[in-house]
Amino acid sequence: MRHVLGISGGKDSTALAIYLKTKFPDLANQVEYYFADTGKELPETYKLLDELQSFLGKQIVRLEANSSHKNAFDHYLDVYNGYLPSSMARWCTKKLKLEPFETWVGNDQVLSYVGIRGDEDREGYISTKQNIQSIFPFRRNIWSLEIINLVMHNSSIDKFFDVYSKFSPTGLTERYKEIILTPQSRKYLLSQKLNDLLNISVSTFNRVVFEFLKDKEYPISKLKEYSLLEKEESIYLNGVYQLFKENGVKTPGYYDEIEYEVNGEKGTYKRSRSGCYFCFYQRKIEWIWLYERHPDLFKLAQEYEKDGYTWMDNESLNDIIQPKRMAEIKQENIEKFKKKLSIPKSNKLIDTLVNDEELCANCFI
Ligand code: SF4
């Protein structure tokens with residue numbers, strides 16, 4: 001059994017590594033850390049990896065895609081006939097992040113720890129190989145949707161009931177019976193049923209799932225004990241920042257808000273997520289950030305725009321750095337910020353304009 005944690009260079013996967021080391025040291029001792037390196041990452045990411053490595057006292061293994069003659073991204077760009085990756089054709093994630101990871105683990109039985117937070121309602125784009133099981137320690141429910149669907153399926157009610165009777169320390173209260181024996185339906189959704197059980201006890205629920213899976217073929221089925229089952233808490237965005245602060249680890253430098261001025265007004269910009277410097281998921285203001293903070297990398301990104309291919313749908317990198325256009329983008333960013341301030345805050349973090357569900361755990365979490 002291998003335990004692995006992919007560091008994307010983002011705050012959540014880094015915080016998860018800190019969390020496991022400080023709260024579950026025995027488990028953390030077994031964890032192998034890796035970083036799927038496209039060779040096109042931001043310098044801030046490489047700096048973070050060095051600092052995190054010192055904190056963990058363990059190596060973060062760098063995984064690179066196979067390419068004998070040049071950088072793997074450039075190699076696959078040739079293979080895809082110069083077709084730049086985009087949200088519709090995301091070959092980069094598959095070739096440079098997922099495949100090197102799957103090759104590295106081979107056919108080993110693997111528990112892969114993913115830093116999706118308790119305030120996020122998604123699983124991300126993760127490996128679906130049978131020998132790789134994803135675990136989400138920041139959430140109350142640490143299991144993947146596949147496992148939940150299996151364990152809480154209406155056809156499993158009897159077994160679920162039996163396991164609960166055996167492993168609930170309080171025995172099967174009337175409330176437990178009522179929840180477990182009520183089948184999921186349009187009136188009683190799976191998510192509701194799950195939350196009702198978690199609201200009574202997180203650790204009991206996670207223990208029951210663990211025991212339920214004992215006769216199945218999942219990697220976790222092979223473990224006799226599992227320390228994460230004792231966990232009751234869930235980590236939200238504030239908790240992530242707290243983990244950095246309490247443990248003296250710096251958040252990745254690209255998150256720092258940098259002030260700029262346009263049309264006599266002040267605004268701030270930053271890069272909102274990790275990943276390649278030319279990532280097509282970045283917003284226009286982040287491209288401007290790259291242009292002004294890392295002009296050399298912006299220039300390299302520009303060199304990829306040829307034969308009619310561009311990183312963005314409707315304009316090229318050369319278009320957006322024209323003074324008039326750049327001022328517009330900066331101004332729009334200030335207006336968006338003002339609008340955001342005027343909308344009441346939700347406890348779900350919406351720090352992105354793209355669909356997070358599709359984002360690759362290895363690139364951004
Ligand atoms: S960070 Fe963006 S460009 Fe890089 S591999 Fe991930 S999706 Fe592709």
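This is a short walk through one structure, from its domains to its strands, cores and ligand shell.

Hi everyone, thanks for coming. Please keep in mind throughout that this is a predicted model.

Let's start with the layout. The protein chain splits into domain 1 (2–143 + 230–250), domain 2 (147–225) and domain 3 (253–357). Between the C-alpha centres of domain 1 and domain 3 there is a distance of 24 Å. Where those two domains meet, domain 1 puts in 20 residues and domain 3 puts in 20 residues. On the domain 1 side, helix α3 (residues 43–56) gives the largest share, three residues. And what is the make-up of that side of domain 1, by class? Five of its residues are nonpolar, eight are polar and seven are charged.

Now to the strands at the start of the chain. Strand β2 (residues 31–36) has a neighbour on either hand in this description. Strand β1 (residues 2–6) runs parallel to β2, and four bridges join them; within that pairing, Leu 5 has Tyr 33 of β2 as its bridge partner. Strand β3 (residues 60–63) is also joined to β2 by four bridges, again in parallel, and here Ala 36 is partnered with Leu 63 in β3. Is β2 enclosed or open? Five of its six residues are buried, so β2 is largely enclosed by the rest of the structure.Tyr 33 takes us straight to the core. The largest nonpolar core has 56 residues, and Leu 16, Ala 17, Tyr 33 and Val 209 have the most contacts inside it. Why does this core lie between domain 1 and domain 2? Both domain 1 and domain 2 contribute residues, so the core sits between them. Looking at Leu 16 beyond its neighbours within four places in sequence, we find contacts with Leu 5, Tyr 113, Gly 115, Pro 137 and Phe 138. So that you have the full list of cores I want to show, there is another one apart from it, with 17 residues, including Leu 42, Tyr 277, Cys 279 and Ile 285.

Cys 279 comes up again at the ligand. Which residues come nearest to the ligand? Of the 13 around it, those are Cys 92, Gly 275, Cys 276, Cys 279 and Cys 363. Helix α5 (residues 91–105) supplies the largest share of this shell, four residues. Domain 1 and domain 3 each provide at least three residues of the shell. Sorted by class, the shell holds eight nonpolar, three polar and two charged residues.

Two last stops, both in domain 3. The first is a hairpin. Strand β6 (residues 258–262) and strand β7 (residues 265–269) run antiparallel, with five bridges between them. Glu 259, for instance, has Thr 268 in β7 as its bridge partner. Two residues lie between the strands of this hairpin, and Asn 263 takes a positive phi near 50°.

The other stop is Phe 298, in helix α13 (residues 295–304). Phe 298 has 20 C-beta neighbours inside 10 Å, so Phe 298 counts as buried. Setting aside neighbours within four places in sequence, Phe 298 is in contact with Leu 290, Tyr 291 and Leu 317. Ile 288 is ten residues from Phe 298 along the chain, and their C-alpha atoms are 8.8 Å apart.

That's my tour. Thanks for listening, and I'm happy to go back to any part of it.

Conventions. Residues are numbered from 1 along each chain as its sequence is written. This is a predicted model: local features need pLDDT of at least 70, side-chain atom pairs count only at pLDDT 80 or more; totals for chains, interfaces and linings use all residues. A nonpolar core is a set of buried Ala, Val, Leu, Ile, Met, Phe, Trp, Tyr and Cys residues joined through C-beta atoms within 7 Å. A residue is buried if 20 or more other C-beta atoms lie within 10 Å of its own, exposed if 12 or fewer, and partly exposed in between; C-beta atoms are placed from the backbone. Domain bounds come from an automatic or database domain assignment. Two residues are in contact if their C-beta atoms, placed from the backbone, lie within 7 Å. A residue is near a molecule or strand if its C-beta atom, placed from the backbone, lies within 6 Å of it. Ala, Val, Leu, Ile, Met, Phe, Trp, Tyr, Cys and Pro count as nonpolar, Asp, Glu, Lys and Arg as charged, and the others, Gly among them, as polar. Two strands pair if DSSP finds at least two bridges between them.
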